[in-house]
Amino acid sequence: MARIDLDHIRHAYGARTQKPAQYALKEVHHTFEDGGAYALLGPSGCGKTTLLNIISGLVQSSEGRILFNGRDVTPLSTQERNIAQVFQFPVIYDTMTVYDNLAFPLRNRGVAEREVDRTVREILAMIDLESWTNRKARGLTADQKQKISLGRGLVRADVNAILFDEPLTVIDPHMKWVLRSQLKQLHKRFGYTMVYVTHDQTEALTFADQVVVMFEGEIVQIGTPAELFARPEHTFVGYFIGSPGMNVLPVTLEGGTARIGTNEIQLHTAPTQAPNGTIELGIRPEFVRIGREGMPATVTKVEDVGRHRIVRAKVEGHEVAAILGEDDEIPAEPRMIFDPAGINLYADNWRVETA
Ligand code: ATP
C-alpha cells in the first residue's frame, strides 16, 4: 500500500475553453498516510468525486502533482497507478460466477492458482458471499452484485490504495451497517490505504479514522469524528456534522465576553488575538440548556425524535436548536443557557484560536 501525497492540486473542467476557469477543486494539498482509512465527506458538487478520480488517474488535474510513496505518478494511467476502485454501481462480469469475478483481478496479475483460491475464499467469507460462490452473477440482485464489486476491490493486497465512490448507495439500510463494519474489519486485517467518498456523515464517521471534510472545492478540515464534533474549524463543518448541526449566531466580543443583543455570555477562554471580520458564536444543540435562567427564548417548534426532543427557539431573532433530555420540561417563560464548554468562536467562518 502507499502513502498518497496530493501536491497543490487544482482542477477546472474544460479549463482551456472556460475563461476565467471555474475551479471544481481550488487548492488541495494533503497526505493520505499509508494504511489510513479516510472518508471524503461533503455535499453534492463539492469536488469529492473529482478528487478521487484525480487520485486514480481517471481525471488529469489541471495543476499540481500526485505522489505515491514519494514517486510522481501524475503522468501515469489508472492501470499503471495500480489502484482498486469501487464505484456507486456494480462493475462486474455478469456471465462469470461470483468466485470467478473475484478471482479475475488476481489471475489477470498472474497470481498462482492456490493463492487465488485462498484469497478469494477469505474475502467471500468476510463479506458473507460464500453461499453464492458458484452462482452466475447475472441472477443476483443489485445489492448482491455490489457486494461482489466490493469483493473485487478488496481482493488484491498488492494495490497502492482502494478508492470507494459512494459504494453503498444501492445497498439496503441494514446491509449498509453490516458492510461498513466488515470494511472496517478488513481494513484492520489487511492495512489497506482506503479513501471513501460519501455525502453521508454517519457513513463517514463509522468508516474512517480520519474524515476529510470538503466544501466548495476545498478541504476545510481533517480530523477524527470526535475532533470534528468538538472543534469544527469552519462553520460549515459544524453545520454539516451533527444532527441537528451546530447553531451559529452573530456576536460582538469584549475580551472574555460575547454579546448577543443585550445578553452577555461569559466565555471560558478568550481569543488569543482580536479577530477581524464577521464574528460568530458556534454552539452545538447538545450544549444548549433550556430552563428558567439565561437568555429569553421563544420556542417555535418541538420535534420528538424518539430518544430525545429537539427544541427550536428564537434568541434575539436568531434560531437556536437545543436537545432536551427525556425528563426536561420547557417552562412557561423559557430561557436558554449556552454551556461555555461547548462554545467555539468564528471570524468569517473560520474558528478563532482561544486560550
Ligand atoms: P456528487 O456527490 O454530486 O458526485 P461531488 O462532491 O463528488 O458531488 P464532483 O462530482 O467532483 O462533486 O463535482 C465538482 C464540481 O465539478 C461540480 O460543480 C460539478 O458540476 C463539476 N463537474 C464534475 N464533473 C464534471 C465534468 N465531467 N465536466 C464538467 N464539470 C464537472
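Before we start, a working definition: helix axes at angles under 35 degrees count as roughly parallel. Keep it handy for the first exercise, and remember that this is a predicted model.

**Exercise 1. How are helices α3 and α5 oriented to each other?**

Step one is to find the pair: α3 covers residues 98-108 and α5 covers residues 142-154. Step two is the geometry, where the two axes come within 8 Å and cross at roughly 30°. Step three applies the cut-off of 35 degrees; α3 and α5 are therefore roughly parallel to each other. To finish, add the handedness: α3 passes α5 in a right-handed crossing.

**Exercise 2. Work out the surroundings of strand β9, and say why it is largely enclosed.**

Begin with burial. Strand β9 spans residues 210-215, and five of its six residues are buried, so the rest of the structure largely encloses the strand.

Next, look for its partners. With β3 (residues 37-41), strand β9 pairs in the parallel sense over four bridges. With β10 (residues 218-223), β9 runs antiparallel, joined by five bridges.

Now follow one residue, V211. Its opposite number in β3 is A39, while in β10 its bridge partner is G223.

Last comes the turn. The hairpin of β9 and β10 has two residues between the strands, and E216 there takes a positive phi near 50°.

**Exercise 3. Which residues are around the ligand, and how do they divide by character?**

First list the shell: Y13, A24, G42, S44, G45, C46, G47, K48, T49, T50 and H199. Then sort these residues, which gives three nonpolar, seven polar and one charged.

**Exercise 4. In what order do the strands of the two open sheets below run, and which strands are at the edges?**

Take the four-stranded sheet to begin with. Its order is β11-β15-β22-β23, with antiparallel pairing. The edge strands, each pairing on one side only, are β11 (247-250) and β23 (350-351). Strand β22 (residues 343-347) meets β23 over two antiparallel bridges, and Y346 has R351 as its bridge partner in β23.

Now the three-stranded sheet, which is also open: the order is β12-β13-β14, and the pairing is antiparallel. Here β12 (252-254) and β14 (263-266) stand at the edges with a single partner strand each, so one side of each has no neighbour in the sheet. From one strand to the next, the twist averages 30°. As a final check, β12 and β13 (residues 257-260) pair over three antiparallel bridges, with T252 opposite R259 in β13.

Key: Residues are numbered from 1 along each chain as its sequence is written. This is a predicted model: local features need pLDDT of at least 70, side-chain atom pairs count only at pLDDT 80 or more; totals for chains, interfaces and linings use all residues. A residue is buried if 20 or more other C-beta atoms lie within 10 Å of its own, exposed if 12 or fewer, and partly exposed in between; C-beta atoms are placed from the backbone. Two strands pair if DSSP finds at least two bridges between them. A residue is near a molecule or strand if its C-beta atom, placed from the backbone, lies within 6 Å of it. Ala, Val, Leu, Ile, Met, Phe, Trp, Tyr, Cys and Pro count as nonpolar, Asp, Glu, Lys and Arg as charged, and the others, Gly among them, as polar. Axes are lines fitted to C-alpha atoms, for helices over the stretch in contact, and angles run from 0 to 180 degrees between N-to-C directions. Angles under 35 degrees count as roughly parallel, over 145 as roughly antiparallel, 65 to 115 as roughly perpendicular and the rest as oblique. A crossing is left-handed if the near helix is turned anticlockwise from the far one by less than a right angle, and right-handed if clockwise.
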